[in-house]
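Trainee: I'm new to this structure and would love a guided look. Could we go through it together, one question at a time?

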Amino acid sequence: MTDTNTTPMVLAEGVSKSFGSNEVLKGIDLRVNPGEVLCIIGPSGSGKSTFLRCINHLERVDAGRLSVDGEVVGYRQHGDKLYELKPKEAARQRREIGMVFQRFNLFPHMTALENIIEAPIRVKGLSKAKAVERGTQLLARVGLSDKGDHYPSQLSGGQQQRVAIARALAMDPKLMLFDEPTSALDPELVGEVLDVMKGLASSGMTMVVVTHEMGFAREVADELVFMDGGVVVEYGDPREVLGNPQHQRTQAFLSKVL
Amino acid sequence: MSQSNTARPATGSFPSPAGGRSEPIKAVKLRHPGRIVLAAVLILLLVWFVVDAANRDAYGWQYVGKYVFDKRISAAALVTLQLTVYSMIIGVLLGLILAVMRLSPNPVVKSVAWLYLWVFRGTPVYVQLVFWGLFSLIYPHIFLGVPWTQLGIDLNLGFMQNAFVIAFVGLALNEAAYMAEIVRAGLLSVDQGQEEAATALGMSWWQTMTRIVIPQAMRVIIPPTGNEVISMLKTTSLVAAIPLTTDLYGVARDISAVTYTPIPLLIVASLWYLLFTSLLMVGQYFLEKRFSRGVNARRPDRNEPAMATGALPAAGAPDGNDLGGKG
């Protein structure tokens, strides 16, 4: 957050979002530089998942400015005016942002490998042979080389989530978003998914991770944000925030989860 | 047994005599005399009916044998099949469009689709067919063009005097209303997360629908659609309302009007209808199997079904397990 010369991968300025009369985000300011890992923690309903979904325009921002790699998300800027993007242009923005969901959302009618090669073939226009080659590499990278022809229902939760990560990586994103990637997993399966994410972080991928895994945040995150009630309550070095929380709300939250 | 003991040590805590392998239970089976009596009565009634029918002259079995493979009948059966296939193809496509229209965020588009459903589901198909038969009296031709000028094209609606065309178009328009509801239920049964995942990968709306949502919706759409096909095959007998008389029932009636043998020809027509519906049921079975890919599979090396981990929220919906029941 100190280096202001490089183009930030994610820059949020006063981002606000309401669902009806329910104001979920009340002016979020954030900055993620390329190669950084940002972890977002906070109680449920604090708006952290909504913020993540705003980054790839699954939700529309009501106020403030949100940009990814210097480009305003969901809009095109002409002078002072913003123009809403056509679906096609929004899709082009999204394909550079990978997203991993809490409930995996693998396509159940496709095998693991088919899940991975679908978007590269349909969206990027890759040849099937190339996509399969890349998909096989990615399966190996998440440690599932032998599961390519398994359907999602034949895989454990942890394996499904690793396939979902490989699927997102297949689009060669410059930014990866993780929405509580281990929350739907049995406890013994959490580790295998976190290991893949750690590997990804050490390879230099820019990541924004909404998580309840404090150990992961402490070990991997460059920056930790604590959100509550739609605002950023506290942010900074994860060891600082977790070890020595300044704000009362952070202390209250951490005393419950740690 | 020993295998599952090593896999699940918890079961080892149960006392199991004779080294984990227990004797099969030998007990006197509970008798169900009521069941046996009921079954006997039903079989007796059936036999009695068959024997009686075989000897009843009014059925005219010799005529059944004579006409069941009559060229006129088999040609008419082909007409009935054509009507069914054509009207279902148009009906499914139109129904798909109507379903997407009903789910559209555009209120006008939504209302138009609702209006269509309201009219076509709210009036009897027989009445609709009579109406389409009279259609060319109301609109002999339609002028499509710029109002108050001569610019445009004059559409000759002569084809709407062809009873066969009227028949399958009329049946299709009615069917579309029902298919729209079936397709809509199918589309809504697919978990929202599927569309989100596809969108997040940069797939367009069209790609998301054709590659992700519709293939999954098919699992829910096919069983009731199979019923619709079977139902349509039988509804084609109503084309007499237009009037069209080249279909199976129409021809059977025409023959019987000449030979004064209505009952055997009803049986002949019914046999052909039964043959087709039986074939359709077989086809439906294989289609359902094809589109349940990835749903019924279980991991052989795991004790609990993987669905419990929430991978398939859509499959866990109430419609997940009753596929066979509807067919």
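Trainee: In which helix of chain B is the place of Val50(B)?

Mentor: Good place to begin, and keep in mind that this is a predicted model. Val50(B) belongs to a nonpolar surface patch of about 950 Å², together with residues including Leu46(B), Trp48(B) and Phe49(B). As for its place in chain B, look along residues 33-55, which make up helix α2.

Trainee: Is Val50(B) buried, partly exposed or exposed?

Mentor: Buried would need a relative accessible area under 20%, and exposed one over 50%. Val50(B) has 49%, so the class for this residue is partly exposed.

Trainee: Which residue is joined to Ile242(B) by a cis peptide bond?

Mentor: Look at the loop between α9 (205-235) and α10 (248-259) of chain B, where a proline lies. The omega angle of the bond is about 5°, and the partner of Ile242(B) in this cis peptide bond is Pro243(B).

Trainee: What is the relative accessible area of Tyr260(B)?

Mentor: Move on to the loop between α10 and α11 (262-291) of chain B, where Tyr260(B) lies. Its phi is near 55°, a positive value in a residue other than glycine. Tyr260(B) counts as exposed because its relative accessible area is 72%.

Trainee: Over in chain A, which residue in the turn of the hairpin formed by β4(A) and β5(A) has a positive phi?

Mentor: The two strands pair in the antiparallel sense over two bridges, and Val68(A) has Glu71(A) as its bridge partner. Two residues sit between the strands of this hairpin. The residue in the turn with a positive phi of about 50° is Asp69(A).

Trainee: And what is the bridge partner of Ala12(A) in β4(A)?

Mentor: Strand β4(A) also pairs with β1 (residues 10-19) of chain A, in the antiparallel sense and over five bridges. Within β4(A), the bridge partner of Ala12(A) is Leu66(A).

Trainee: Which helix gives the largest share of the largest nonpolar core?

Mentor: That core has 49 residues, and among those with the most contacts inside it are Met197(A) and Met207(A). Its largest share, eight residues, comes from residues 187-202 of chain A, which is helix α6.

Trainee: Which residues of helix α6 (residues 187-202) of chain A is Met207(A) in contact with, leaving aside its neighbours within four places in sequence?

Mentor: The contacts of Met207(A) include Val37(A), Leu175(A) and Phe178(A). Helix α6 covers residues 187-202. In that range, the contacts are Met197(A), Leu200(A) and Ala201(A).

Trainee: How far apart are the closest N and O atoms of Arg249(A) and Asp228(A)?

Mentor: This pair links distant parts of the chain: Arg249(A) is in helix α9 (residues 248-257) and Asp228(A) in strand β11 (residues 223-228), 21 residues apart. Arg249(A) is partly exposed at 37%, whereas Asp228(A) counts as buried at 19%. The two form a salt bridge, with their closest N and O atoms apart by 3.6 Å.

Trainee: Which residue of chain B is linked with Arg53(A) and Glu59(A) in a network of salt bridges?

Mentor: The count over all chains comes to 21 salt bridges. In the network with Arg53(A) and Glu59(A), the linked residue of chain B is Glu196(B).

Conventions. Residues numbered from 1 in each chain as written. Chains lettered and ligands numbered in written order. Predicted model: local features only at pLDDT ≥ 70, side-chain atom pairs only at ≥ 80, totals over all residues. Heavy atoms only, no water. Patch = residues over 30% accessible without salt bridge, like charges linked within 9 Å, V, L, I, M, F, W, Y side chains within 5 Å. Areas by Shrake-Rupley, 256 points an atom, 1.4 Å probe, with all protein chains shown as cover. Salt bridge = Lys/Arg side-chain N within 4 Å of Asp/Glu carboxyl O. Buried < 20%, exposed > 50% of the residue type's maximum accessible area, 1.4 Å probe, protein only. Core = buried A, V, L, I, M, F, W, Y, C linked by side-chain atoms within 4.5 Å. Contact = heavy atoms within 4.5 Å. Pairing = 2+ DSSP bridges.
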